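Please open the model in your viewer and keep the sequence panel visible beside it. The tour below proceeds by selections, and each stop says what to select and what is found there.

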Amino acid sequence: MTNREEAEIQISELDLLSSMFPYEEEFMVTDQLAIAELKHYVENQSAEMPSSKVQFILNVKPEVPDASTVEFSMSCALPFKYPAILPEITVRSPLLSRSQQIHLNSDLKTYLMQNCSGEPCMLSAREWIKDHAVAYIDKELSSSSVTTSDAMQSEDTIFTRLWIYSHHIYNKQKRKNIIDWAKELSLSGFCMPGKPGVVCVEGLQSACEEFWSRIRRLTWKRILIRHREDVSLEGGGHDEIQKQRKFSTLEEKCFDAHGSRGNHMDLGQLYHFLEEKGCADIFQMYFGVEGH
């Protein structure tokens with residue numbers, strides 16, 4: 001199977017998921033740029049291989065007898081060679097302890113290796129989770145005796161960095177919200193106001209997702225996550241989190257604003273800022289050209 005045939009299968013499967021699960025609480029693509037690159041690669045013979053994997057979230061709500069509905073979240077990434085190789089899937093739930101989560105994910109991978117190798121398998125994986133995941137939750141935990149530490153543990157061992165793109169960021173209240181909410185949620189990063197607007201936040205996965213949930217509820221002409229990075233942390237302690245950070249705090253960055261309204265930033269300076277932080281590759285993801 002050629003690379004383009006694999007890319008075509010990925011697009012077909014994503015279209016199917018989108019039609020079957022039209023609501024964001026069921027299915028949400030977390031990196032729109034990756035899908036755009038994938039489609040461009042399929043439609044243009046001369047196009048280069050995409051620079052990032054397609055990433056999305058599938059939420060599954062199996063019905064549990066004698067209990068409220070439990071939700072499992074499948075964080076998925078499709079490697080370039082998928083379906084020739086297996087997808088990257090991590091299943092999480094607030095009701096799973098760390099060991100239960102590891103056991104569940106290991107068994108899911110074994111199932112996919114035995115039954116789905118070389119074939120599109122996202123629906124099969126979702127059905128397996130729907131049918132089997134509840135069994136991994138201890139009876140004591142499912143009877144609402146779950147502790148806060150258990151509930152937070154599975155999510156808080158993931159360090160996340162979100163790269164957010166907005167058509168523009170002018171409004172002073174929105175700019176204040178970005179800084180205040182990042183501080184409240186212990187997130188670092190930066191915000192570049194103007195047109196376009198760029199926001200990067202990094203920290204615990206749960207905090208990043210809460211930040212995104214708040215930001216996207218505001219009124220925007222256009223806002224989306226351009227790219228997302230997730231790193232599993234051993235233990236998830238303070239020192240491990242600090243090691244992953246590329247920014248010390250979240251601050252607003254203006255780079256020689258110009259234009260009739262003073263709302264266009266010097267993108268060359270933005271590139272050098274990203275380069276200093278070890279993030280130069282992000283520039284092309286945002287603007288489609290290499291920085292200099």
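**Helix H4**

Begin by selecting helix H4, residues 122-132. This is a predicted model, and the tour will return to the question of confidence at a later stop. Colour Met-122, Ala-125, Arg-126, Trp-128 and Ile-129, which are the buried residues of H4. On which side of the helix do they lie? They cover an arc of only 160° around the axis, which puts them on the same side of H4. A general rule helps here: an α-helix has 3.6 residues a turn, so residues three or four places apart point the same way.

Now add the elements against which these buried residues pack. They are helix H1 (3-20), strand E2 (54-60), strand E3 (72-78), strand E4 (88-92) and helix H3 (98-115).

**The largest nonpolar core**

Keep that selection, and highlight Phe-56, Phe-72, Met-74, Ile-89, Leu-104, Met-122 and Ile-129. These residues have the most contacts inside the largest nonpolar core, which has 39 residues. Two or more residues of this core come from each of H1, strand E1 (27-29), helix H2 (32-43), E2, E3, E4, H3 and H4. Which element gives the most? It is H2, with 5 residues. In soluble globular proteins, nonpolar side chains tend to be buried together.

Centre the view on Met-74 and display its surroundings. Leaving aside residues up to four places away in sequence, Met-74 touches Phe-56, Ile-57, Leu-58, Val-60, Ile-89, Thr-90, Val-91, Met-122, Ala-125, Arg-126 and Ile-129. Among these partners are Met-122, Ala-125, Arg-126 and Ile-129, which were coloured at the previous stop as buried residues of H4.

**Gln-55 in strand E2**

Next, select Gln-55, found in strand E2. Is this residue buried or exposed? Gln-55 counts as buried, at 14% relative accessibility. Beyond four places in sequence, its contacts are Val-29, Thr-30, Asp-31, Cys-76, Ala-77, Arg-228 and Asp-230.

**Two cis peptide bonds and a positive phi**

Select Tyr-82 and Pro-83, which are joined by a cis peptide bond with omega about 10°. Pro-83 lies in the loop between E3 and E4. Then move to Lys-195 and Pro-196, where the peptide bond is also cis and omega is near 0°. Pro-196 has its place in the loop between strand E6 (188-192) and strand E7 (197-204).

Now go to Ser-186, in the loop between helix H7 (172-184) and E6. Ser-186 is not a glycine, yet its phi is positive, at about 60°.

**Leu-250 in strand E9**

Select Leu-250, which belongs to strand E9 (residues 250-252). With a relative accessible area of 11%, Leu-250 is buried. Add Gly-189 to the selection: although the two residues are 61 residues apart along the chain, their C-alpha atoms are separated by 4.4 Å. Leu-250 touches Ile-178, Ile-179, Ala-182, Leu-187, Ser-188, Gly-189, Phe-190, Cys-200 and Val-201, not counting residues up to four places away in sequence.

**Helix H8 and the cysteines**

Select helix H8, residues 205-217. Its 13 residues reach 19 Å from the first C-alpha to the last, close to the 18 Å expected at 1.5 Å a residue. The buried residues include Gln-205, Ala-207, Cys-208, Phe-211, Trp-212, Arg-214 and Ile-215.

How many disulfides does the structure hold? There are 0. Cys-208 is in no disulfide, and the nearest cysteine sulfur, that of Cys-200, is 8.4 Å away. For Cys-279, also in no disulfide, the nearest cysteine sulfur is again that of Cys-200, at 6.5 Å. Cys-208 is buried, with a relative accessible area of 0%, and Cys-279 counts as buried at 2%.

**Confidence and the whole chain**

Colour the chain by pLDDT. The average is 84, and 86% of the residues score at least 70. Then select residues 139-156, over which pLDDT stays under 50. The model has 27 contacts beyond four places in sequence for this stretch. Where pLDDT is low, the predicted coordinates should not be read in detail.

Finally, show the full chain, with its 11 helices and 9 strands. Of its 292 residues, 46% count as buried. Among contacts with a separation of 6 or more, 67% are between residues 24 or more positions apart.

Key: Residues numbered from 1 in each chain as written. Predicted model: local features only at pLDDT ≥ 70, side-chain atom pairs only at ≥ 80, totals over all residues. Heavy atoms only, no water. Helix = DSSP H or I, 4+ residues; strand = E, 2+ residues; numbered from the N terminus. Expected span 1.5 Å × (residues − 1). Buried < 20%, exposed > 50% of the residue type's maximum accessible area, 1.4 Å probe, protein only. Arc of directions from axis to C-beta. Contact = heavy atoms within 4.5 Å. Disulfide = S-S within 2.5 Å. Core = buried A, V, L, I, M, F, W, Y, C linked by side-chain atoms within 4.5 Å. pLDDT = per-residue confidence, 0-100.
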